[in-house]
Structure formats: structure tokens, C-alpha cells
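Visitor: I have a model open on my screen and would like a short tour. Could you take me through it?

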Amino acid sequence: MTVISVTRFQADPADAEQVQARHAALVTAIRATQSGLTEARLGRLDDETWVGVWRWDSAASLQAARQAAPGTPAATAAFALARDVTAQDIEVLAEL
């Protein structure tokens, strides 16, 4: 069963390159320490509101990320994965 989690956050439009670089580094670090992350996308809802969409191959993979040791890349990502998905999030996923 595929699991999709979404997080929204605010960032200054001038920081777009830094936000994208941090996202890419986080995805690389998670994939190095956790299996099951099949897709991670970053997009914008508007100039200041960003959305991160995370797709895991199973609920067990998501749970493993949430239980990662504090301070690890997977633990950092777990915060982003704790949000509930809404109908609007699914629409955003289709637009990314």
C-alpha cells in the first residue's frame, strides 16, 4: 500500500534556490538511511507557500521514518511526514 504525506511551509520567494537545495539534500540523506521512500516532490502553492509531497511504498516505511533516532535525517523528515493528506493536497500532487 502506497502512503502519501504532505507538508506545507512558508518561505521567502527570494530563498527558492536554498529551499530546493535543502529539499534535495534531505531526500538524498533519507534515501541513504531509510528504505521505502519512492518519491519526494517539492512545489509551490503560491509565492510564499511551499508543499512537500512524500510517497512511501508502505505504512511500515513511513512508521520507520517516524521512529528514527532524533537528529538523523530520517527523523528530520518524519516531521514533514506527520501531516494528514487533504483533497487539496492530492490536487497539488497532480500539478507538481
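Guide: Happily; here are a few questions with worked answers.

Guide: This is a predicted model, where local features need pLDDT of at least 70, side-chain atom pairs count only at pLDDT 80 or more, and totals for chains, interfaces and linings use all residues. Residues are numbered from 1 along each chain as its sequence is written, and side-chain values use heavy atoms, with hydrogens and water left out.

Visitor: What pattern does the protein follow, read along the sequence?

Guide: Helices (H or I, at least four residues) and strands (E, at least two) are DSSP runs, numbered from the N terminus. There are four helices and three strands. In sequence order, the pattern is β-α-β-β-α-α-α.

Visitor: How far apart are the end C-alpha atoms of helix α1?

Guide: Helix α1 covers residues 16-33, which makes 18 residues. The expected span is 1.5 Å times one less than the number of residues, so α1 should span 26 Å. The model agrees, with the end C-alpha atoms separated by 26 Å.

Visitor: Which residues of α1 are buried?

Guide: Buried means under 20% relative accessible area, exposed over 50%, and partly exposed in between (1.4 Å probe, protein chains only). On one side of α1, E17, R22, T28 and A32 are exposed. On the other side, the buried residues are A16, V19, H23, V27 and I30.

Visitor: Why do those buried residues count as lying on the same side of α1?

Guide: The buried residues in question are A16, V19, H23, V27 and I30. The arc is that of the directions from the helix axis to the C-beta atoms. These residues share a side of α1 because their arc is only 70 degrees.

Visitor: Which residues does V27 touch, not counting those up to four places away in sequence?

Guide: V27 sits in helix α1 and is buried, at a relative accessible area of 9%. Its C-alpha atom is 8.5 Å from that of L37, ten residues apart along the chain. With contact meaning heavy atoms within 4.5 Å, V27 touches L37, A40 and W54.

Visitor: Which elements give two or more residues to the largest nonpolar core?

Guide: A nonpolar core is a set of buried Ala, Val, Leu, Ile, Met, Phe, Trp, Tyr and Cys residues joined through side-chain atoms within 4.5 Å. The largest one here has nine residues: V3, V27, I30, L37, A40, W54, W56, L62 and A65. The elements giving two or more are α1, β2, β3 and α2.

Visitor: Is S61 buried or exposed, and which residues is it in contact with beyond four places in sequence?

Guide: S61 lies in helix α2, residues 59-66. At 9% relative accessibility, S61 is buried. Beyond its neighbours within four places in sequence, S61 is in contact with Q34, S35, G36 and W56.

Visitor: Which residues do salt bridges join into one network?

Guide: A salt bridge is a side-chain nitrogen of Lys or Arg within 4 Å of a carboxyl oxygen of Asp or Glu, and the whole structure has two. E39 pairs with R41, their closest N and O atoms being 2.3 Å apart. R55 also meets E39, at 2.7 Å from N to O, linking strand β3 (residues 49-56) to strand β2 (residues 37-44). Through shared partners, the network joins E39, R41 and R55.

Visitor: What relative accessible area does E39 have?

Guide: Its partners R41, at 31%, and R55, at 24%, are both partly exposed. E39, by contrast, counts as buried, with a relative accessible area of 17%.
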